[in-house]
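Me: I should like to learn how to read a structural model feature by feature. Could we work through one together?

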Amino acid sequence: MDITVKKGEITTIIGPNGSGKSTLLKALTRLLRCSMGCVYLNQEDLYNIDSKKLAKCIGVLPQRHCAPPDFKVRDLVGYGRVPYQKWYEHNTEEDEKIIEWALKATGTWALRDKSIQECSGGESQRVWIATVLAQQPEILFLDEPTTYLDIAHQQETMKLVKRLNHEAGIGVVMVLHDLSHALEISDRIIVLKNGCKYGEGRPQDIITPKMMREVYDVDCDVVQIPGRKKPLIMFKEIS
Ligand SMILES: Nc1ncnc2c1ncn2[C@@H]1O[C@H](COP(=O)(O)OP(=O)(O)OP(=O)(O)O)[C@@H](O)[C@H]1O
C-alpha cells in the first residue's frame with residue numbers, strides 16, 4: 001500500500017479486527033521493520049534517523065504498555081523528556097514546565113504524586129498520553145487511545161487530540177474502532193481490509209453505507225442532522 005501522512009492533519013486508520021491497523025502503525029513508527037517497501041519521514045528513510053532525533057519528531061502510544069508499578073506518575077511523564085537530555089542530566093526548569101503542561105493538558109495533574117499502579121485504566125491511559133506529549137513530538141501516533149476509557153473520558157481524549165492538533169499544530173495518526181469519533185474528528189481516514197488499503201479520503205466521503213457493508217459487513221445509514229457539521233452513523237436495530 002502507498003500512504004502519505006501529513007504533519008498538520010488528523011489521520012485515522014480504521015478497519016475490522018485483524019485488518020492490519022496496528023501493524024501499519026508499527027511500521028510507520030519503526031516498531032516493526034517492513035519486509036518490503038520503505039517508510040520516509042520528510043524524505044529520509046525512517047531507519048537512517050538517529051533515535052533521539054526521531055523521538056523528538058514522533059511520539060508513539062502503543063496499544064499495550066507497561067511501567068514498573070511503583071513508578072510515580074510525574075516520573076513516568078518525565079521520561080518523555082529523555083530525548084532532550086544527556087544521560088547524566090536532570091530535568092531543567094524548561095523540562096519541568098513541559099511536564100506540568102503535559103499533565104495539565106491531559107487532566108492528570110492531580111495524579112502526579114500517585115504511583116502508576118494506583119491509577120485506574122482510564123487514568124493510566126491519560127498518563128501515558130501525557131508521557132508521549134512531554135516528548136513534544138511533531139506527530140503523535142496513537143493506537144486505540146480511547147481503550148479503557150468511559151464515554152466522558154473518550155470524548156475528553158478526542159477533544160484533547162483536536163486541541164493539540166488545532167492549537168499546538170501537532171499532527172495525529174491514530175487507530176480508532178469508534179467510527180463516530182473517526183468521522184467527527186479526522187481530516188482524513190484510511191480504511192484497511194485484509195491487510196490492504198481499501199480506501200482513503202475525507203471522512204464524509206469514506207464512511208458510507210457501501211464501505212460499511214463491504215469492509216465491516218454491517219448495514220447502516222449515514223445521515224446528516226441539521227445543526228451538525230458531520231453526519232452520524234445510524235446502525236440498523238439489533239433484532
Ligand atoms: N507479531 C506478529 N506476528 C505474526 N502475525 C501477527 C503479529 N502481529 C499481528 N499479526 C497478525 O497480523 C494481522 C493484523 O494484525 P493487527 O494487530 O495489525 O490488526 P488490527 O487491525 O490492529 O486488529 P485489532 O483491531 O484486532 O487490534 C492479524 O492477522 C494478526 O494475527
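Me: Leaving aside its neighbours within four places in sequence, with which residues is Val127 in contact?

Reply: This is a predicted model. In it, Val127 is in contact with Val73, Leu76, Val77, Thr108, Leu111, Ile116 and Cys119, once neighbours within four places in sequence are left aside.

Me: What are the confidence scores of the model, and what is the average pLDDT of the protein?

Reply: Where pLDDT is low, predicted coordinates should not be read in detail. Here the protein averages a pLDDT of 90, and 100% of the residues score at least 70. The ipTM is 0.92 and the pTM is 0.89.

Me: Which residues have the most contacts inside the largest nonpolar core?

Reply: In soluble globular proteins, nonpolar side chains tend to be buried together. In this model the largest nonpolar core has 49 residues, and Val77, Ala102, Val127, Ala130, Phe141 and Val172 have the most contacts inside it. Helix 5, residues 121-133, gives the most to this core, contributing six residues.

Me: How should helix 4 be read, and which of its residues are buried?

Reply: One may begin with its length. Helix 4 comprises 13 residues (93-105), so at 1.5 Å a residue it should span 18 Å, and its end C-alpha atoms are indeed 18 Å apart. The buried residues of helix 4 are Ile98, Ile99, Ala102 and Leu103. They lie on the same side of helix 4, because the arc they cover around the axis is only 135 degrees. Their cover includes helix 3 (73-78) and helix 5.

Me: Which exposed residues does the face turned away from the buried side of helix 4 carry, and what follows the helix?

Reply: That face carries Glu93, Glu94 and Lys97, which are exposed. Helix 4 is followed by Gly107, whose phi is positive, near 70 degrees.

Me: Which way do the residues of strand 5 point?

Reply: In a regular strand the side chains alternate between the two faces of the sheet. In strand 5, Ile139, Phe141 and Asp143 point one way, whereas Leu140 and Leu142 point the other way, and all are buried. Five of the five residues of strand 5 (139-143) are buried, so the strand is largely enclosed by the rest of the structure.

Me: How many bridges join strand 5 to strand 4 and to strand 6?

Reply: Strand 4 (residues 58-61) is joined to strand 5 by four bridges, and the two run parallel. Within this pairing, Gly59 stands opposite Leu140. Strand 6 (residues 171-175) is joined to strand 5 by five bridges, again in parallel. There, Ile139 stands opposite Gly171.

How values were computed:
Residues are numbered from 1 along each chain as its sequence is written. This is a predicted model: local features need pLDDT of at least 70, side-chain atom pairs count only at pLDDT 80 or more; totals for chains, interfaces and linings use all residues. A nonpolar core is a set of buried Ala, Val, Leu, Ile, Met, Phe, Trp, Tyr and Cys residues joined through C-beta atoms within 7 Å. A residue is buried if 20 or more other C-beta atoms lie within 10 Å of its own, exposed if 12 or fewer, and partly exposed in between; C-beta atoms are placed from the backbone. Two residues are in contact if their C-beta atoms, placed from the backbone, lie within 7 Å. pLDDT is the predictor's confidence in each residue, from 0 to 100. The expected span of a helix is 1.5 Å times one less than its number of residues. The arc is that of the directions from the helix axis to the C-beta atoms. Two strands pair if DSSP finds at least two bridges between them.
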